[in-house]
Amino acid sequence: MGTVTHEPTGVSDQVLPATRWLAVAIIPFLVVAFVVLYPVPTATGRWFAWEINPTMTPMVLGSAYLGGAWFFARVVRARSWRAVHAGFLPVALFATTLGVTTILHWDKFNHDHLAFWLWSGLYFTTPGLVLWVWWANRRAAGSPAPGGPALAPAVRWAFAAAGASALALGLFVVVAPAGAIDLWPWAVSELTARVMGAVLLLGIAGLVVAADPAPEAARVVVEVAAVMLALILVAAVRARGQFITSRPLTWLLGAGIAGVFAGVLVLARRFRSHG
């Protein structure tokens with residue numbers, strides 16, 4: 001007699017132990033990287049995998065790391081897979097991009113520094129691990145049950161627009177960094193342009209949220225975006241003299257970040273008021 005298998009129905013909307021343990025393992029790396037990059041961004045030559053100039057670039061990367069630490073801390077505590085699922089594909093894309101960037105610019109790194117080998121080990125293993133737990137957890141949780149509260153269509157369209165814009169600009173910078181050098185708001189090399197492109201690609205979380213009408217799918221994404229964008233705006237004030245004001249992208253990107261930050265603050269307040 002054959003074995004009858006039943007497809008998951010979404011009743012077991014669980015976060016698997018392997019997913020939580022991966023989050024626990026990643027958090028310390030992200031926190032340490034933030035501490036190295038953000039508070040004293042002039043010390044990257046001493047403490048990081050390579051020396052990064054000017055200081056706006058390490059501060060943006062540090063902002064992404066603290067946002068990532070916030071995300072994985074929420075994964076550790078999550079009661080529902082649906083509440084955190086939207087962050088995994090963006091993290092996998094970010095890590096994959098940095099892994100490929102490391103290979104393409106291998107000679108630019110400080111191979112004598114422990115930080116470089118930690119960087120390489122992280123970005124050569126994390127993409128596969130994150131995709132594996134995403135796939136395993138997605139299958140275990142099954143399809144979400146129909147019904148329940150949903151995000152307003154206008155909010156989902158806003159997420160989609162932000163996600164598509166970040167994806168388009170991020171892909172351009174990653175694929176054509178030489179062209180981005182003459183457009184970017186501050187001085188970058190091909191290596192650091194690709195790193196900034198990887199940060200932009202985290203914005204595909206907006207597209208994932210737009211595809212899922214459940215408010216809980218958006219809540220953690222909004223929290224992470226608020227952390228990241230607040231730090232980036234503070235970094236912009238700290239590094240205000242580094243911006244090339246004659247470039248249109250300086251103003252477009254600045255306005256976009258400020259606008260998205262304002263939007264996520266409004267959403268965060270609504271989420272808190274609705275419990």
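**Entry 1: H3 against H4**

I began with the crossing of H3 and H4, which I found to be left-handed, and I note here that I am reading a predicted model. The two helices pack at an angle of about 140 degrees, and their axes are 12 Å apart. I looked up how such an angle is classed: over 145 degrees counts as roughly antiparallel, and angles outside the named ranges count as oblique. H3 and H4 are therefore oblique to each other.

Next I listed the residues that meet there, and from H3 I wrote down Leu61, Tyr65, Phe71, Phe72 and Val75, which meet Phe88, Val91, Phe94 and Leu98 in H4. Sorted by class, this contact has 9 nonpolar residues, with no polar and no charged ones.

**Entry 2: H3 itself**

I then followed H3 along its length, from residue 56 to residue 77, and noted that its 22 residues reach 32 Å from the first C-alpha to the last, close to the 32 Å expected at 1.5 Å a residue. How many of the 22 residues of H3 are buried? I found 17 of them buried, so H3 is largely enclosed by the rest of the structure.

Just before H3 I stopped at Pro54, which is found in the loop between helix H2 (44-47) and H3. The peptide bond leading from Asn53 to Pro54 is cis, with omega near -10 degrees. I marked this bond in my notes because most peptide bonds are trans.

**Entry 3: Leu98 in H4**

I returned to Leu98, which lies in helix H4, residues 88-104. Is Leu98 buried or exposed? Its relative accessible area is 0%, and the cut-off for buried is under 20%, so Leu98 counts as buried.

I also asked which residues Leu98 is in contact with, leaving aside its neighbours within four places in sequence. The list I wrote down is Tyr65, Trp119, Tyr123, Val195 and Ala198; Tyr65 is also one of the H3 residues in the meeting of H3 with H4. For a view along the chain I took Val199, which is 101 residues apart from Leu98, and the C-alpha atoms of the two are separated by 9.4 Å.

**Entry 4: H10 against H11**

I turned to the later helices, and noted that the axes of H10 and H11 come within 9 Å and cross at roughly 135 degrees. H10 and H11 are therefore oblique to each other, and H10 passes H11 in a left-handed crossing. By class, the contact of H10 with H11 has 16 nonpolar, no polar and 2 charged residues. Among the residues that meet, I picked out Arg219 in H10 and Arg272 in H11, together with Val222 and Leu229 from H10 and Val260 and Phe271 from H11.

**Entry 5: H11 and Ala235**

H11 covers residues 248-273, and its 26 residues reach 38 Å from the first C-alpha to the last, close to the 38 Å expected at 1.5 Å a residue. I recorded its buried residues as Leu249, Thr250, Leu253, Phe261, Val264, Leu267, Ala268 and Phe271, and I found that they pack against helix H6 (153-175) and helix H10 (215-238).

My last stop was Ala235 in helix H10, which counts as buried at 0% relative accessibility. Not counting residues up to four places away in sequence, Ala235 touches Tyr38, Met56 and Met59. I also compared Ala235 with Gly254, and the two are 19 residues apart in sequence and 12 Å apart in space, C-alpha to C-alpha.

Key. Residues are numbered from 1 along each chain as its sequence is written. This is a predicted model: local features need pLDDT of at least 70, side-chain atom pairs count only at pLDDT 80 or more; totals for chains, interfaces and linings use all residues. Side-chain values use heavy atoms; hydrogens and water are left out. Helices (H or I, at least four residues) and strands (E, at least two) are DSSP runs, numbered from the N terminus. The expected span of a helix is 1.5 Å times one less than its number of residues. Buried means under 20% relative accessible area, exposed over 50%, partly exposed in between (1.4 Å probe, protein chains only). Contact means heavy atoms within 4.5 Å. Axes are lines fitted to C-alpha atoms, for helices over the stretch in contact, and angles run from 0 to 180 degrees between N-to-C directions. Angles under 35 degrees count as roughly parallel, over 145 as roughly antiparallel, 65 to 115 as roughly perpendicular and the rest as oblique. A crossing is left-handed if the near helix is turned anticlockwise from the far one by less than a right angle, and right-handed if clockwise. Ala, Val, Leu, Ile, Met, Phe, Trp, Tyr, Cys and Pro count as nonpolar, Asp, Glu, Lys and Arg as charged, and the others, Gly among them, as polar.
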